[in-house]
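Thanks for coming. Please have a look at the sequence and the structure on the screen, and then I will go through them piece by piece.

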Amino acid sequence: MIKYSYLKLIRIRCTDDGVYGFIISSMDQTAPPLVWSLERPLLDNKTNISCIPEGTYKVRQYQSRKFGLTWRLEDVPGRTDILIHAGNTIADSKGCILVGRSAGTYAKKNGVWQSREAMKVLKAKTEKEFMLTIENRYV
């Protein structure tokens with residue numbers, strides 16, 4: 001199985017329910033998304049309420065007390081403890097990146113779904129450290 005050391009998060013839609021996107025291998029950008037993503041809206045990079053700025057970040061596996069084995073982004077300007085972890089709606093995040101196998105509406109809530117499955121996919125497809133480029137493509 002191929003393990004990726006370079007991933008790209010492409011943000012495609014910004015709504016009141018959050019910023020939706022998907023994560024792909026930056027080596028094979030024609031392949032389907034590995035997982036979908038959800039972040040808090042872009043609010044000037046404010047702690048606990050905003051997604052982080054576009055850019056390229058080093059990501060390392062991290063053992064979180066609350067979320068178990070996750071990943072933590074390093075050197076995020078003006079921010080600390082930005083994780084990639086399981087969760088379904090922006091209520092599950094304080095500025096972190098949530099992942100799911102699908103995105104949409106469920107039980108009248110918008111979010112990403114099958115989040116634990118998405119975490120398994122990332123664990124299987126990534127190294128313990130990788131680079132993540134975040135790019136905004138929404139209007």
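Which residue in strand 2 is the bridge partner of L9? It is I23. Before I go on, keep in mind that this is a predicted model.

Let me stay with the strands for a moment. Strand 1 and strand 2 run antiparallel, and 8 bridges join them. Together they make a hairpin, with 2 residues between the two strands. Strand 2 covers residues 18–25, and 8 of its 8 residues are buried. On to strand 3, residues 35–39: strand 2 pairs with this strand as well, through 5 bridges, and again the two run antiparallel. If you want one pair to find on the screen, take F22, whose bridge partner in strand 3 is W36.

Further along the chain there is another hairpin. Strand 8, residues 102–106, and strand 9, residues 109–113, are antiparallel and joined by 5 bridges. S102 sits opposite W113 of strand 9. This hairpin has 2 residues between its strands, and A107 takes a positive phi there, near 50°.

Now the inside. In soluble globular proteins, nonpolar side chains tend to be buried together. Here the largest nonpolar core has 23 residues, and the ones with the most contacts inside it are L7, L73, I84, I97, V99, L132 and I134. Several elements give two or more residues to this core: strand 1, strand 4, strand 5, strand 6, strand 7, helix 1 and strand 10. Which element gives the largest share of this core? Helix 1 does, with 4 residues.

V99 is a good residue to click on. Leaving out residues up to four places away in sequence, V99 touches a list that includes I23, V35, W36, I84, V112, A118, M119 and L122. There is also another core, apart from the largest one, with 5 residues, among them Y20, L38, L98 and V112.

Two single residues next. V121 is in helix 1. V121 and V35 are 86 residues apart along the chain, but their C-alpha atoms are separated by 7.7 Å. Beyond its neighbours within four places in sequence, V121 is in contact with L34, V35 and R101.

The other one is T70, in strand 5. Is T70 buried or exposed? T70 has a relative accessible area of 0%, so it counts as buried. Not counting residues up to four places away in sequence, T70 touches R60, Q61, Y62, S64, L83, I84, H85 and M119.

Next, charges. Side chains of opposite charge can pair when their charged atoms come close. The count here is 8 salt bridges, and I will show you some of them.

One is between D81 and R72, at 3.5 Å from N to O. D81 is partly exposed, with 46% relative accessibility, and R72 is partly exposed too, with 30%.

Another joins E117 and K120, at 3.4 Å from N to O. Both residues lie in helix 1, residues 115–125, and they are 3 residues apart, about one turn of the helix. How do they differ in exposure? E117 is partly exposed, at 40% relative accessibility. K120 has a relative accessible area of 51%, and the cut-off for exposed is over 50%, so K120 counts as exposed.

A third example is R137 with E135, where the closest N and O atoms are 2.5 Å apart. R137 is partly exposed, at 47% relative accessibility. Then there is a network: K58, R60, E74 and E129 are joined by salt bridges that share partners.

Last, the empty space. Rolling a probe the size of a water molecule over the atoms shows where empty space is left. The largest pocket has a volume of about 340 Å³. Its lining is made of 18 residues, and F67, D81, L83, K94 and C96 lie nearest its centre. D81 is the residue we met a moment ago, in the salt bridge with R72. Strand 4 and strand 6 each supply at least two residues of the pocket lining. Which of the elements gives the largest share of that lining? Strand 6 does, with 3 residues.

That is where I stop.

Conventions. Residues numbered from 1 in each chain as written. Predicted model: local features only at pLDDT ≥ 70, side-chain atom pairs only at ≥ 80, totals over all residues. Heavy atoms only, no water. Salt bridge = Lys/Arg side-chain N within 4 Å of Asp/Glu carboxyl O. Buried < 20%, exposed > 50% of the residue type's maximum accessible area, 1.4 Å probe, protein only. Pairing = 2+ DSSP bridges. Core = buried A, V, L, I, M, F, W, Y, C linked by side-chain atoms within 4.5 Å. Contact = heavy atoms within 4.5 Å. 1 Å grid on protein atoms, 1.4 Å probe; cavity = no way out; pocket = protein on both sides within 12 Å on 5 of 7 lines; lining within 4 Å. Points joined across faces, edges and corners; volume = space filled by probe spheres on them.
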